[in-house]
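Trainee: Could you take me through the salt bridges in this one, with a close look at a single pair and what surrounds it? I'd like the reasoning spelled out, not just a list.

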Amino acid sequence: MSIHATAIIDPAAQLHASVIVGAYTVIGADVVIGEGTEIGPHCVISGPTRIGRNNRIHSHAALGGDPQDKKFEGERGELIIGDNNTIREFTTFNRGTGDGGGVTRIGDNNWIMAYVHIAHDCIVGNNTIFANNASLAGHAIVEDWVIMAGFSGAHQFCKIGAHAFVGMGSLISADVPPFVMTGMQYAEPRSINAEGLKRRGFSADRIKKIKNAYRTVYMSGKPLSEAKTELQAMAVESDDVRQMLDFIEASTRGIVR
């Protein structure tokens, strides 16, 4: 274990022997940090927080702080961070609340850039990218492989489906179905995230079927109820379309239109 002489570690914290802690960092009680994780200078990590293996946490990150929720009354809530995440400067991740599930959860292999805020009770999947200043309000869900461009944000309780791309400065106030790319200040669907899907090995046929589903929902001019009926038929030959349809049917806020 390599802990700078100026770092302050609560005796109740549990750090693997391989953890590196930079100068002037403060780690509180009920914090567990796994093998190979490196924490830069001037970070503050409050508990209860669980951080997995091989994470790179850069300077001035504030992780596991109290929820920014007026209803919060000191009840126990956790922040859980998985493995192999890069967390850059001045990020803030808050713990969960008692009436929101109690946990804010970040998965594995995420690339989270400077000044990103992830609020209480949010769930972030795996392999996501959050560019500088992207923000999630409380209870938001971001599924695997989502990219949130700089200065984008999601309203509380919104859900962003797998492989979606939220454009720079887009403000999400409704759910974004899987594979969809949004643009404009008040997020509007623009296309599918075709380039991202190609990079992840999606075949031309898979992408074509996703594109057809997108056109049915967003370009056919049909009411969503009729579009969903067409998606039902298309889903027989495409698990990706099935994923999109299931997401739309489960949406409680409605989807971006």
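Mentor: Sure. Let's fix the term before we use it: a salt bridge here is a side-chain nitrogen of Lys or Arg within 4 Å of a carboxyl oxygen of Asp or Glu. Keep in mind too that this is a predicted model.

With that cut-off in hand, take Asp30 and Arg76: their closest N and O atoms are 3.0 Å apart, and the two form a salt bridge. Now look at where each partner sits. Asp30 is in the loop between strand 5 (26-27) and strand 6 (31-33), while Arg76 belongs to the loop between strand 11 (62-65) and strand 12 (78-81), so this pair ties together parts that are 46 residues apart in sequence. As for cover, Asp30 is partly exposed because its relative accessible area is 26%. Arg76 has a relative accessible area of 52%, so it counts as exposed.

The pair has company as well. Salt bridges with shared partners join Asp30, Arg50, Arg76 and Glu78 into one network. Over the whole model, the count comes to 15 salt bridges.

Two other pairs are worth setting beside it. Arg199 and Glu195 meet through their side chains in a salt bridge, at 3.7 Å from N to O. Both lie in helix 1 (residues 194-199), 4 residues apart, which is about one turn of the helix. Arg199 is exposed, with a relative accessible area of 69%, whereas Glu195 is partly exposed at 43%. Then there's Lys222 with Glu230, whose side chains meet in a salt bridge at 2.0 Å, N to O. Lys222 has a relative accessible area of 30%, so it is partly exposed, and Glu230 is partly exposed too, with 29%.

Now for the strands around your loops. Strands 6 and 12 are both members of an open sheet of 8 strands, ordered 3-6-9-12-15-18-21-24, with parallel pairing. The edges are strand 3 (14-15) and strand 24 (159-160), each of which pairs on one side only. At the strand 24 end, strand 21 (residues 141-142) runs parallel to strand 24 and is joined to it by 2 bridges. One partnership to look up there is Ile141 with Lys159 in strand 24.

Strand 5 takes us to the nonpolar side of things. Ile8, Val26 and Val44 make a nonpolar surface patch of about 230 Å². Val44 is found in strand 8 (residues 44-45), and it counts as partly exposed because its relative accessibility is 40%.

What about covalent cross-links? The count of disulfides comes to 0. Take Cys122: the closest cysteine sulfur, in Cys158, is 10 Å from its own, too far for a bond. A disulfide would need the two sulfur atoms within 2.5 Å, so that pair doesn't qualify. Cys158 is likewise in no disulfide, with the sulfur of Cys122 as its nearest, 10 Å away. Cys122 is buried, at a relative accessible area of 0%, and Cys158 also counts as buried, at 1%.

Back to your close-up, then: Asp30 and Arg76 form a salt bridge at 3.0 Å, and salt bridges that share partners place both in one network with Arg50 and Glu78.

Key: Residues are numbered from 1 along each chain as its sequence is written. This is a predicted model: local features need pLDDT of at least 70, side-chain atom pairs count only at pLDDT 80 or more; totals for chains, interfaces and linings use all residues. Side-chain values use heavy atoms; hydrogens and water are left out. Patches are made of residues with over 30% relative accessible area and no salt bridge: like charges are joined within 9 Å, nonpolar side chains (Val, Leu, Ile, Met, Phe, Trp, Tyr) within 5 Å. Accessible areas come from the Shrake-Rupley method with a 1.4 Å probe; for residues, only the protein chains shown count as cover. Buried means under 20% relative accessible area, exposed over 50%, partly exposed in between (1.4 Å probe, protein chains only). Two strands pair if DSSP finds at least two bridges between them.
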